[in-house]
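Please open the model in your viewer and keep the selection tool at hand. We will go from whole chains down to a single residue, one stop at a time.

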Amino acid sequence: MTGVVKESTEEMQQVLDKIIEKYRGKPGSTIGILSAIQEKFGYLPEEAMDYVSESLNIPSAEIFGVASFYSMFRFQPEGKYVVRLCRGTACHVQGSWLVGEQLQRHLGIEEGGTTKDGLFSLHYVACLGCCSLAPVMMVNGTVHGRLTPDKAVEVLESYRREGQE
Amino acid sequence: MTKTVIKVGMASCGIAAGARPVYEYLLDKLGDRKDVEIKQVGCIGLCFREPLVEVIKDGTRVMYGEVDIDSLEKIIESHILNGTPVEEKIILSDSTEAPENKTIDKQVRIVLRNTGIIDPTKIDEYLERDGYKGLTKALQMDPEAVIDEILESGLRGRGGAGFPTGLKWRFARKAAGDEKYVVCNADEGDPGAFMDRSVLEGDPHSVIEGMLICGYAIGAKHGIIYCRAEYPLAIKHLNIAIEQARERGFLGKNILGSGFDFDIYIKEGAGAFVCGEETALMASIEGKRGMPRPRPPFPANKGIFGKPTNINNVETLANVAWIILHGASEFNKYGTGKSRGTKVFALAGKIVKGGLVEVPMGMPLREVIFDVGGGIPDGKEFKAVQLGGPSGGCLPASELDTPVDYESINATGAIMGSGGMVVMDEDTCIVDVAKFFLSFVQSESCGKCPFCRIGTKRMLEILERICDGKGTPEDLDLLEDLAYKIKDGSLCGLGQTAPNPVLTTLKYFRHEYEAHVNEKKCPAKVCTNLIHYTIDPDTCIGCTKCSKVCPVGAIEGQIRQPHKIDDSVCVRCGQCKSVCPVKAISVE
């Protein structure tokens, strides 16, 4: 993730044009385009979706329909560290909900939210496929396993220290 | 002198367990030596022992488990440099007794033949282990003969439905049209199943080779791997493998001089469980909302962009090259009845040896869980095993003699599914587990069918009510009634199987529902509204540990004085109980 990029409309359009040209004329590219936009801006700005809709002559309802269907797409900027707590079966029976509650309390946000300082976003996600290390969470690309509520908080605090350096 | 080979398990699970610093330390200390080769390999399945380091020296193979930097220093000094293995850290050995020898010996590894053994980013290592020999053989056969071989092997879809693979191929071959697609369904979404991830990360060429053979058999030129975005390492390794296969002429035009053209590209999913369903998956590949449509027409006749399409799951495709190379009879000698070959299971939950195992079909559940999986940790009692993810069911101890084959498991009310096996012990609340699955399918329902969209929501509400202690005996009948209606009234597999976890738990664990409803008690002491934590003032020594750990400040007390929990503030996280040194805290 490149993080949140605040750009003027003109700069945004330049970025979008590049993405659109790459996919123009290729059927079934909506998801690829949206992924590319999100990678660039950290989320899907409404103006960006409208711009794609006009450029490719796809109804914006269709673009928003696809974007809102898949859990990977976000309409709000994310924190610097995106915490994805696994809520798969193995993690559930090993107490991941306790970890989730502790993280919500510790960060002072609910599931799906971002801390005021923009440092952390918290998401509950379906299985990350590391079931034998349950409960697990992924912070940006890194998986942390065998968590307890306390250990999960420690992990986040180590990211906080890193983020403030 | 032969080189000493050191392999580090660097699949997602290994990295999560801390394999990266181990690997980097090895590189740092031994990377310059000409007599040592350090490799990254995939997951051998012994996830509970990770990080894993294998040392092959002077012709003998030893695997070390739970390796950290301290033990690694010892291994380098004693074994790698001086030839004396570090006995106490050995978990697997081909020359002496070792704790996990039995775990591996009980397995038959066809799908997992290379995972954890080869470096998945090097095609030569795959080639050394008979890689692409199945393809070479297939290209010399008539496409019909390839299909016959797969049919005769008895291979059935490993993604859950268990449809005969050869039959599916025949339909696709017979379908009219010059342009056809082979799709690998790598949208492994069942929580608790991770065999596809392991194969894609640890042996991507086996899947590519399977797709190639399928493409040749059905007459397709295009291959698509639909992989979920949650598996970044799998996508990375697939991309490397595809590139290498192109360079060596296994993908592209006129493959191995046969005149057969085939190429593969990867399509990343964007996070939707329902996309594992084949018609939803095709919609997603076409860039649309991943919503299922009625069948017929089946994908074999009308698939991606309206063209004939054959969709197989990762594990199914990983079997294909092996079957062609070794012959159908070699494959179908494993298994029972209509279930031939092997099945990979992901053991997780309350089990000692969590990880991946591949066993012949027909092995009883008990043997998989207790002999291969090592049973339940901490001396606890086995309560249930959940098979087949959110579409599957929970089976009690009385069903443990069920052989793992498609028909026997279906007869219990569960399904084989993709092979997730989540084991639960006495501390797991069955009603809570049913609620967990319902909340999963409810949020993953695409919303097309009212029964699935609204019905699962209503079922979830009833389960929430029961877990909150507000359920009535009539609720259980209502649950059952709704469950059958959702099964009948839904279009796709998600809705048709969504009620299975509730139906099987009602069938085998009705008493636990009744305890919640009639006595307002949670026997496993999980449901937060039905339990209370208290401190025994006579046992409490006033050490203050509990009040320090309490995340909500619900515990008060002076040092060396008995402490007290404010029940109205307590969130029932249980942390106080786990830190109490004198077991003064109880939950009722």
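Select chain B and colour it by burial: of its 588 residues, 55% count as buried. Keep in mind that this is a predicted model. Along the principal axes, the C-alpha atoms of chain B fill a box of roughly 85 × 65 × 40 Å. Does that fit a compact globule, or disagree with one? A compact globule with 588 residues would have a radius of gyration near 25 Å, and chain B has 26 Å, so the two agree. Turn on the cartoon and you can go through 24 helices and 20 strands in chain B. If you draw the contacts of chain B between residues at least 6 apart in sequence, 70% of them join residues at least 24 apart.

**Stop one: the domains of chain B**

Now colour chain B by domain. There are domain 1 (4-100), domain 2 (123-331), domain 3 (336-425), domain 4 (430-518) and domain 5 (532-587). Start with domain 1 and domain 2 of chain B, whose centres, taken over C-alpha atoms, are 33 Å apart. Where these two meet, 5 residues of domain 1 of chain B are in contact with 6 residues of domain 2 of chain B. Show the domain 1 side of that contact by class, and you will find 3 nonpolar residues, 2 polar ones and no charged residues.

**Stop two: an open sheet**

Next, pick out β8, β7, β6 and β9 of chain B. These 4 strands form an open sheet in the order β8-β7-β6-β9, with parallel pairing. Which strands are at the edges? They are β8 (263-268) and β9 (309-313) of chain B, each of which pairs on one side only. Look along the sheet for its twist: on average, neighbouring strands are turned by 20 degrees against each other, direction ignored.

Zoom in on β6(B), residues 181-186, which pairs with β9(B) in the parallel sense over 5 bridges. To find your place in this pair, label B:N185, which stands opposite B:N313 in β9(B). In a regular strand, side chains alternate between the two faces of the sheet.

Then add helix α10 of chain B, residues 204-218. Helix α10(B) lies across β6, β7 (222-227), β8 and β9 of chain B, and runs at about 150 degrees to β6(B).

**Stop three: β16(B) and its partners**

Move along chain B to β16(B), residues 420-425. Is β16(B) mostly covered or mostly open? It is mostly covered, with 5 of its 6 residues buried. Two strands are worth showing beside it. One is β12(B), residues 342-349, which pairs with β16(B) in the parallel sense over 4 bridges; label B:L347 there, as it stands opposite B:M421 in β16(B). The other is β14(B), residues 382-387, joined to β16(B) by 5 bridges and running antiparallel. In this second pair, B:F382 stands opposite B:D425 in β16(B).

**Stop four: chain A**

Now select chain A, which has 165 residues, 39% of them buried. Its C-alpha atoms fill a box of roughly 50 × 35 × 20 Å along the principal axes. Chain A holds 7 helices and 4 strands, and from the N terminus on they run α-α-α-α-β-α-α-β-β-β-α. Colour domain 1 (9-69) and domain 2 (81-164) of chain A separately; their centres, taken over C-alpha atoms, are 30 Å apart.

**Stop five: where the chains meet**

Show both chains together. How many residues of chain B are in contact with chain A? There are 43, in contact with 37 residues of chain A. On the chain B side, the elements that give two or more residues are α1 (12-16), β12 and β16 of chain B. α1(B) gives the most, with 4 residues. By class, this side of chain B has 24 nonpolar, 12 polar and 7 charged residues.

**Last stop: A:V93**

Finish by centring on A:V93, in helix α5 (residues 89-93) of chain A. A:V93 is buried, because 27 other C-beta atoms lie within 10 Å. Beyond its neighbours within four places in sequence, A:V93 is in contact with B:G349, B:K350, B:V422, B:M424 and B:T428. Now zoom out to include A:E54: 39 residues apart along the chain, A:V93 and A:E54 have C-alpha atoms separated by 48 Å.

Technical notes:
Residues numbered from 1 in each chain as written. Chains lettered and ligands numbered in written order. Predicted model: local features only at pLDDT ≥ 70, side-chain atom pairs only at ≥ 80, totals over all residues. Domains from an automatic or database assignment. Contact = placed C-beta atoms within 7 Å. Nonpolar A, V, L, I, M, F, W, Y, C, P; charged D, E, K, R; others polar. Buried ≥ 20, exposed ≤ 12 C-beta atoms within 10 Å, placed from the backbone. Pairing = 2+ DSSP bridges. Rg over C-alpha atoms; globule rule 2.2 N^0.38 Å. Axes fitted to C-alpha atoms, helices over the stretch in contact; angles between N-to-C directions.
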